[in-house]
Structures are given as C-alpha cells and as structure tokens.
Amino acid sequence: MVSRVIPVEPFDLVIFGGTGDLARRKILPALFRRFCAGQMRGDERVIGAARAEMSTKDYRAFARAAITEFDDNDACAAEHLDGFLRQLSYVALDARSDAGWAELGAALRKGRIRAFYFSVGPGLFGDLAERLYQWKLADAQSRIVVEKPFGRDLDSARALNATLAQHFDEAQIYRIDHYLGKETVQNLMAIRFGNTLFEPLWNSQYVDHIQITVAESVGVGTRGEYYDRSGAMRDMMQNHMMQLLCLTAMEPPAKFDPAAVRDEKLKVIRALDPMTPENIVRGQYEGADGRPAYRDQVEAPDSRTETFVALKARVGNWRWAGTPFYMRTGKRLKARASEIAVVFKDAPHSIFGADAGHHRNILTIRLQPNEGIELGVTIKEPGPGGMRLIDVPLDMSFAEALGPDSDDFPDAYERLIMDVIRGDQTLFMRGDEVEAAWEWTDPIIESWQEAGDDPLLYATGSSGPDDALALIHRDGRRWREIRP
Ligand code: NAD
C-alpha cells in the first residue's frame, strides 16, 4: 500500500541546538526520511545553529554521521543522502549575545515559511525569542518549535508562556510532545471517531476501567543529572501520560482541527479530580546483577526522586463517573512496553453459567513495541465438551492489515516537523493545556516534598513496588502484564 505524499510548501528551518543530541538522533534523521519520501521539493534550507564554531562542510559531515547512525530505514536509500546534505548549512551563533545573528539573517530567504526549532535547554527559549524579534528574523508566518520540558511547575510554565507570548502568537508556537506524533496515538482518534462501533460504548456504562502504561526497561543511564531534577512525574506523567489520558477520555471534537481537539483535551485535564495520597504510589529502582541502583547513578546518594509512579485518576464528568483511569510509568521495569487498555465491563448476564469463566473485552492500543491495536473478544473454545469460553485477540496489527510498507511509518518527529511546516497545530500542546496539566501535577509533587519521605524501592526487572499492585488489587482489578 503506497501512500500519496504531497510536498509541503518551500521552507527554511533553523535548528537552534543543531549540534545537540536531539538534532543528531531525531531531527536530522526525521528530515532526511521526509526528504526521501518526497515531501520536500529539494530547495529547502535546513540551517544548524549552535555555539560551536563549525563550517557548513563540517556540519554536513556531522549530519551524515548522525543519519548513518540513527536512520534505520533501508527504504531511505543512501543515494538520497548527498542531495539532502546539500540543503544543510551551519551558522555559529550564541543565543545570549549578538554573535552570529547577522549571518543567520543572511542565510534565510524571503517569501518562505520560516520555522525555528528551539532544540536547546529551556533556559535559552526566552533569549532565542527575544533575538529573533530584535533581528527581525521572524514574521507573522514564522513558527517556533519548543521542546520539553515546558516548565517544571505551574509558575515556571506560566513564565515561559508569557516570555514566548511577548513576541509570538499562540498560533505560532508549537510545543512538541512526540507521543502525539505516534501513529497509534493518532489511530486512537481514528478508532474512536471514525467508527460507529466503539464510541457508543466509550463511557462508564460499558467501560470498567482504563489502564495506561508506559514502561521502560532501561534506567537513567548517563542522564542522571537531568533526571534527578525531574523525576517520573515531571518527565512522563505531566506531559506524555496526560496527553494519552486526554485523547482517551475526551469528548468527540466537532472537527479534527487544532482548536476543537485542544479544547476537548483541556476539558479532560480540568475535569480531573485532585489526587489524594492513597491513590498514588511512587518508587525508585534498586540495583541488580551489576546494574546500579538509581541512587548510585546520580550525585545525591539520598535522592528522593521517583523513577516510578502509579496512580488512580478520576475524570469527574458524566461520561467517566465511576470509571477509574489507572496509570503507571517507570524505569527499569520488566520490559519496554507502552499501551492504553480499555477494559470493558462483563456482559450483564452470563447465559453460560459459572463454568464458562470470567470474560471481558479489552481494547488495547499498543504504542511500543509493535505498534498496533488489539481487540480481545470471547469465543467458544473449539472442540466438543460443552460450552467453554476463551478470549482471543482480533489483532489489528498494522503490518498485517496494511501491507508490507506499514512498518515504514513515519517516526513521530517526521510527522510533527511536517505539521509545523503545514501550519497544523492539532498534535501540539497549547499553552493553557500545559498550564492546566501542571496545575494538577504541582500539588502531588508538593505533597511529596512536604512529607519528606523516601520513594518505595523496587527491584530492577519487576513491575514496580508492591504498593502499586495493591493500588489496583484493592479495587478487585489487576494490572495487565508488562511484556514486550
Ligand atoms: P544538548 O545538550 O545535546 O545540545 C544542546 C545544543 O544547544 C547544542 O547544540 C549547543 O551548542 C546548543 N547551545 C547551548 N548553549 C547555546 C547558546 N548559548 N547559544 C546557542 N546554542 C547553544 O541537548 P539536547 O539533548 O539536544 O536537548 C535539546 C532540547 O531538547 C532540551 O530542551 C531537551 O530537554 C530537549 N529534549 C531532548 C531529548 C533528547 O533525547 N536529547 C528528548 C526530549 C527533549
């Protein structure tokens, strides 16, 4: 199945922080793949801008190495690489001084869409916005892309929004959350709003509960210094998990457009009941088999930063009254596996008697690995011997359903960067959404700080602390197994 690729309007894209880790691992390979797919016309300019002194020739060599290392798509032929690299140039520039800004201005062309990717630490967002304004490099059509973390609490997020708003309209600001760029996450909306089958059942009358899991098997690695100032609540729950919750719980927007979708997401966050201590568990991983404990990977030997959070959230509105959302995320867990599972209620009356067992439908949206959607249905166990029931998956694995090209889905960054050029903000977070998410998250983090106690330790390779199991067991439910 070959999808039709429509080239985007000609653009100039500046990657501030163009020599950084994110540019190397994600942004440059994503652009290259879109180039191969025919989504660029061939005369775009991609300008790396960072502090290091470097020639354009060296930057192209840097990009070549990055793409060779991180682009694992064979369909993207090496023969395109030289053509792509010819569009790249480099400007050495300092966000905190005037050095390099005149050169950047000279590298940009008139009459083109200009996008400025802020792939630098958030401490520089304000400087970049200010200098873009001072040097008159941004016009009303220009866009800026900002990376996470967007603030570390409500106050800092508000301050950041206010800083950006001094020079840019909300319609020009693209706050990236790469989870929203994932094919399956968008498919969640297609499944819900493109079928008549699911939406009538998508409420507390038919849904027993929902589980959202984002599990990683790795620890913090070398990112300990950054992570220790953040923790799972800020790093995962406030942004990615919250976005997944919103898309699962929101009301049908009137249109698939930025304002309508983001209005509905915002209503979900505002409808969340405040969290209470008995409904949240935080943990920190221990070491095992030569793998260090979290506390041995960060500077503070008594760090209280959580590497795991499990919680039971309630969306206080008519649709979800009585249906809990169990959410958990953590590092060094059993496997790398992320999914949203919608667990439907039992059939109201079993005509098959007690021997038939206990069965329910579960719709699982797998984000990673093996993106796909699975619907568990109950059928009769084949063979003689009475009416025994079993659960089997109706597996809508994309690879099978959509043909051989389906494992070649654009990476989230590819989709999102092209959306920036197209001017489509649907899959980006609006300022008020981010603030509302912090408003809900802040009291949780504050209560931990006030309590001053340690997170619960959990074993590397486990499913998290035992208390996280108890959080759901006490409601007569169980977590789905974390498996790859
Ligand atoms: P990094 O430290 O690897 O790179 C930072 C870049 O900023 C470098 O190119 C550096 O030259 C440039 N820079 C620093 N100070 C500058 C200045 N004064 N003027 C101009 N340029 C300057 O960082 P990174 O990992 O690439 O992350 C960039 C942003 O993306 C951060 O906000 C980070 O939180 C976010 N992010 C990164 C990842 C990731 O996987 N690396 C994932 C999600 C979000």
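In the predicted model, Pro369 is located in the loop that joins strand E12 (362–368) to strand E13 (372–380). The peptide bond leading into this proline, from Gln368 to Pro369, adopts the cis form, with omega near -10°. A second cis peptide bond runs from Lys148 to Pro149, with omega near 0°. Pro149 belongs to the loop between E5 and helix H6 (154–165). A further backbone feature concerns Lys136, which has a positive phi of about 55° although it is not a glycine. Lys136 is placed in the loop between helix H5 (125–134) and E5. In general, most residues other than glycine have a negative phi, and most peptide bonds are trans.

Strand E5 is also part of an open sheet of 6 strands, arranged in the order E3-E2-E1-E4-E5-E6 with parallel pairing. Strand E3 (88–92) and strand E6 (173–175) form the edges, each pairing on one side only. From one strand to the next, the twist averages 20°. Within this sheet, strand E4 (residues 113–118) pairs with strand E5 (residues 143–146) in the parallel sense over 4 bridges. Tyr117 has Val145 as its bridge partner in E5. Helix H1 lies across four of the strands, namely strand E1 (11–16), strand E2 (45–50), E3 and E4, and runs at about 170° to E1.

Helix H1 (residues 21–36) is likewise the element that gives the most to the shell around the ligand, with 3 residues. There are 20 residues around the ligand, of which Thr19, Asp21, Leu22, Arg25 and Val120 come nearest. By residue class, the shell divides into 8 nonpolar, 6 polar and 6 charged residues.

Polar contacts to oxygen atoms of the ligand involve both side-chain and backbone atoms of the protein. An N or O atom in the side chain of Thr19 is 2.6 Å from an oxygen atom of the ligand. For Val120, the contact is made through the backbone, with an N or O atom that lies 2.7 Å from a ligand oxygen. Gly17 contributes a polar backbone atom at 3.4 Å from an oxygen atom of the ligand. The ligand has 840 Å² of accessible area on its own, and the protein covers 74% of it. Thr19 and Val120 thus appear both among the residues that come nearest to the ligand and in these polar contacts, Thr19 through its side chain and Val120 through its backbone.

Conventions. Residues are numbered from 1 along each chain as its sequence is written. This is a predicted model: local features need pLDDT of at least 70, side-chain atom pairs count only at pLDDT 80 or more; totals for chains, interfaces and linings use all residues. Side-chain values use heavy atoms; hydrogens and water are left out. A residue is near a molecule or strand if one of its heavy atoms lies within 4 Å of it. A polar contact is a pair of N or O atoms within 3.5 Å; within protein, one must be able to donate a hydrogen and the other to accept it, and residues adjacent in sequence count only if both atoms are side-chain atoms. Accessible areas come from the Shrake-Rupley method with a 1.4 Å probe; for residues, only the protein chains shown count as cover. Helices (H or I, at least four residues) and strands (E, at least two) are DSSP runs, numbered from the N terminus. Ala, Val, Leu, Ile, Met, Phe, Trp, Tyr, Cys and Pro count as nonpolar, Asp, Glu, Lys and Arg as charged, and the others, Gly among them, as polar. Two strands pair if DSSP finds at least two bridges between them. Axes are lines fitted to C-alpha atoms, for helices over the stretch in contact, and angles run from 0 to 180 degrees between N-to-C directions. Contact means heavy atoms within 4.5 Å.
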